[in-house]
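Hi,

Here is the structure I said I would pass on. Have a look at it first, and my notes are underneath.

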Amino acid sequence: MRQFNKFSGIIIALIIILLWSGSLLLFLRGNLSRFNLLQIVIGIWWQTFLYTGLFINGHEAIHGLVYPSNLKLNNFIGSLSVSLYACFAYDQLREKHWLHHHYPASELDPDFHDGKNSQFWAWYWHFFKGYWSWWRIGLLISIFSLISYLVKIALLQLVLFIFLPSLLSSLQLFYFGTFLPHRHHQVTSTYLPMFWSLITCYHFGYHQEHHDHPEIPWWKLPDLISNT
């Protein structure tokens, strides 16, 4: 395994968590009536990007890249991140993700389509059902309602800055991390300029590189191309 600063992964993961929580607090405590449409749209986009980052934290932890020196701490950060993302069970995600790596773009890949319909929305719905459940949706609605009641935050703000970004990030993760790289029944990469590669899905357009080198953290994936 290539050597990196052992603290890089956990520092980046904690920055994502702190940015997500700080931004969320700002958006939820602000007076929505004082936000103009552009600010609301930017806020939704920013929270979507950070929600995707939470899931990426979980993904990196699954590969032992958040804090390789201490896997208990590594897994704790991963579990915390996916819990904040959508109350996901870290161990369940880890099991599914390793199946994806062992059997990519096949009937044994839990992220692949149902074998009958590979169109975007049909595949996304199949992908969505594989990770979400009615009880999880009900749990999130209950949490939203409780927060709205106890902290006196408008339900609309919870929808705009929690529910909608979480849903949009699932589309982002699916499109750039599953649909584009696996739609031809193989693993391929989508190369974009560095900025857009980061913004679209934390460099996971370098998907072939990730599958070939799962020991490389997301922020180092572009280096695999520049060093060849």
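**What I found**

Arg34 sits in the loop between H1 and H2. Keep in mind throughout that this is a predicted model. With a relative accessible area of 70%, Arg34 is exposed. If you want a long distance to check in your viewer, try Arg34 and Ala61: they are 27 residues apart along the chain, and their C-alpha atoms are separated by 39 Å.

**Helix H3**

I spent a good part of my time on H3, which covers residues 71-86. Its length works out: at 1.5 Å a residue, the 16 residues of H3 should span 22 Å, and the end C-alpha atoms are indeed 22 Å apart.

Which residues of H3 are buried? The list is Asn74, Ile77, Gly78, Ser81, Val82, Tyr85 and Ala86. Looking down the axis of H3, you will find these buried residues within an arc of 130 degrees, so they line one face of the helix. The background here is helix geometry: an α-helix has 3.6 residues a turn, so residues three or four places apart point the same way. Lys72 and Phe76, on the other side of H3, are exposed.

The buried residues of H3 have several partners: they pack against helix H1 (8-29), helix H2 (37-62), H4, helix H6 (134-151) and helix H7 (155-182).

**H3 against H4**

Two packed helices are described by the angle between their axes and the distance between the axes. For H3 and H4 (residues 90-102), the axes come within 9 Å and cross at roughly 100 degrees. Since angles of 65 to 115 degrees count as roughly perpendicular, that makes H3 roughly perpendicular to H4.

On the H3 side, the contact is made by Asn74, Asn75, Gly78, Ser79 and Val82, and on the H4 side by Tyr90, Leu93 and Arg94. By type, the residues of this contact split into 3 nonpolar, 4 polar and 1 charged.

**Ser166 in H7**

Helix H7 holds Ser166. Is Ser166 buried or exposed? Its relative accessibility is 6%, and buried means under 20%, so Ser166 counts as buried. Leaving out residues up to four places away in sequence, Ser166 touches Tyr51, Tyr85, Ala86 and Trp132. You have met Tyr85 and Ala86 already, among the buried residues of H3.

**Helix H6**

I ran the length check on H6 too: at 1.5 Å a residue its 18 residues should span 26 Å, and the end C-alpha atoms are 25 Å apart, which agrees.

Arg136, Leu140, Phe144 and Ser148 are buried in H6. They cover an arc of only 110 degrees around the axis, which puts them on the same side of H6. Over on the other side of H6, Trp134, Trp135, Tyr149 and Leu150 are exposed. What do the buried residues of H6 pack against? Their partners are H3, H4, helix H5 (120-131) and H7.

After H6 comes Lys152, which has a positive phi, near 60 degrees.

**Gly130 in H5**

One last spot to look at is Gly130, in helix H5. Its relative accessibility is 29%, so Gly130 counts as partly exposed. Gly130 and Asp111 are 19 residues apart in sequence, with a C-alpha to C-alpha distance of 7.7 Å.

Cheers

Note on methods:
Residues are numbered from 1 along each chain as its sequence is written. This is a predicted model: local features need pLDDT of at least 70, side-chain atom pairs count only at pLDDT 80 or more; totals for chains, interfaces and linings use all residues. Side-chain values use heavy atoms; hydrogens and water are left out. Axes are lines fitted to C-alpha atoms, for helices over the stretch in contact, and angles run from 0 to 180 degrees between N-to-C directions. Helices (H or I, at least four residues) and strands (E, at least two) are DSSP runs, numbered from the N terminus. Angles under 35 degrees count as roughly parallel, over 145 as roughly antiparallel, 65 to 115 as roughly perpendicular and the rest as oblique. Contact means heavy atoms within 4.5 Å. Ala, Val, Leu, Ile, Met, Phe, Trp, Tyr, Cys and Pro count as nonpolar, Asp, Glu, Lys and Arg as charged, and the others, Gly among them, as polar. The expected span of a helix is 1.5 Å times one less than its number of residues. Buried means under 20% relative accessible area, exposed over 50%, partly exposed in between (1.4 Å probe, protein chains only). The arc is that of the directions from the helix axis to the C-beta atoms.
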